Each structure stands twice: as structure tokens, then as C-alpha cells.
Amino acid sequence: MDSIDRKKRDLKLGRFAEDKAAEFYIKEGYAVLERNWFLNKTEIDLIVQKGNIIAFVEVKARSGDDEDAVNAVSRDKMKRMIRASDSYIRSMTGEFEYRFDIIAFTGDFDNFSLEVFEDAFITSDIL
């Protein structure tokens, strides 16, 4: 498989993983507020809400025994997510609690698993 085909496959798998992550949150009673939300050059894959809790979600898809999905979220990415989420929360009215989740998708289109890491990182530990 050449690099262009691999890139297309990876993009499709990433989109599929985000779809499955959104389905997971919906089944858990969350509303999906945003998908692929951008602020400047920072993308947050999903923003979901249940009651007064908002979760900012990074979805990491791995097709095999690649790097651990949680460890694939760099400290720099975490900092950018924190800054972007702050802007998002400030744009809303009301009082909210928020957290940062990571969804680890492992497998392929036919056989996969999702592992959810709620509160995957704490802002005070990152900033």
C-alpha cells in the first residue's frame, strides 16, 4: 500500500473511530455539541454534554499494536486543548464542570474496541 492509500485509509479509520466514540457518548446519555471543533489551529474531536458536565474528547485510533493511544496525546496537544476549551466554556452561559477524555479506538472497521479514559488529564498538571 502506498503512502497516499495509507493516508486515505487512516483518515477513514479516524472518522469511523470518531463516529463510534460519538455513538458511545450518546448511549451514555450525552448530547454531542460539536464534532471536529476548531479554534485557531487546535481541533477538539468531540465536545459532549450531560447535565452540567462538558467533556472535551480526543479520539485516538490505532489499527494494531502501535503506540498506546493515551500516550499518543502529547503534552503540547493537551495544552492546546485546555486553551481552546477555556474559550469554548467562556462562550457559553451557565455554570459547567468540565473534563478532558481520551477515547482509544483499537482495531479496524469490522473488529474494534473502545477504551474510555475519563478525566485523562488535569489542567493544573499540564499548565
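**Figure 1. The R15–E18 salt bridge within helix α1 of the predicted model.** R15 and E18 stand three residues apart in helix α1 (residues 3-27), a spacing of about one helical turn. Their side chains form a salt bridge with an N to O distance of 3.8 Å; this pair qualifies because the cut-off for such a contact is 4 Å. R15 is partly exposed, at 42% relative accessibility, whereas E18 is buried, at 10%.

**Figure 2. The R35–D19 salt bridge between strand β1 and helix α1.** A salt bridge joins the side chains of R35 and D19, with 2.8 Å from N to O. R35 belongs to strand β1 (residues 31-39) and D19 to helix α1, so the contact ties together parts that lie 16 residues apart in sequence. R35 is partly exposed, with a relative accessible area of 31%. D19 also counts as partly exposed, at 27% relative accessibility.

**Figure 3. The salt bridge between R99 and D101.** The side chains of R99 and D101 meet at 2.7 Å, N to O. Both R99 and D101 are buried, so each has a relative accessible area under 20%.

**Figure 4. A salt-bridge network of E58, K60 and K77.** Salt bridges link E58, K60 and K77 into a network. Side chains of opposite charge can pair when their charged atoms come close. The count for the predicted model comes to 10 salt bridges, among them the R15–E18, R35–D19 and R99–D101 pairs of the preceding views.

Methods: Residues are numbered from 1 along each chain as its sequence is written. This is a predicted model: local features need pLDDT of at least 70, side-chain atom pairs count only at pLDDT 80 or more; totals for chains, interfaces and linings use all residues. Side-chain values use heavy atoms; hydrogens and water are left out. Helices (H or I, at least four residues) and strands (E, at least two) are DSSP runs, numbered from the N terminus. Buried means under 20% relative accessible area, exposed over 50%, partly exposed in between (1.4 Å probe, protein chains only).
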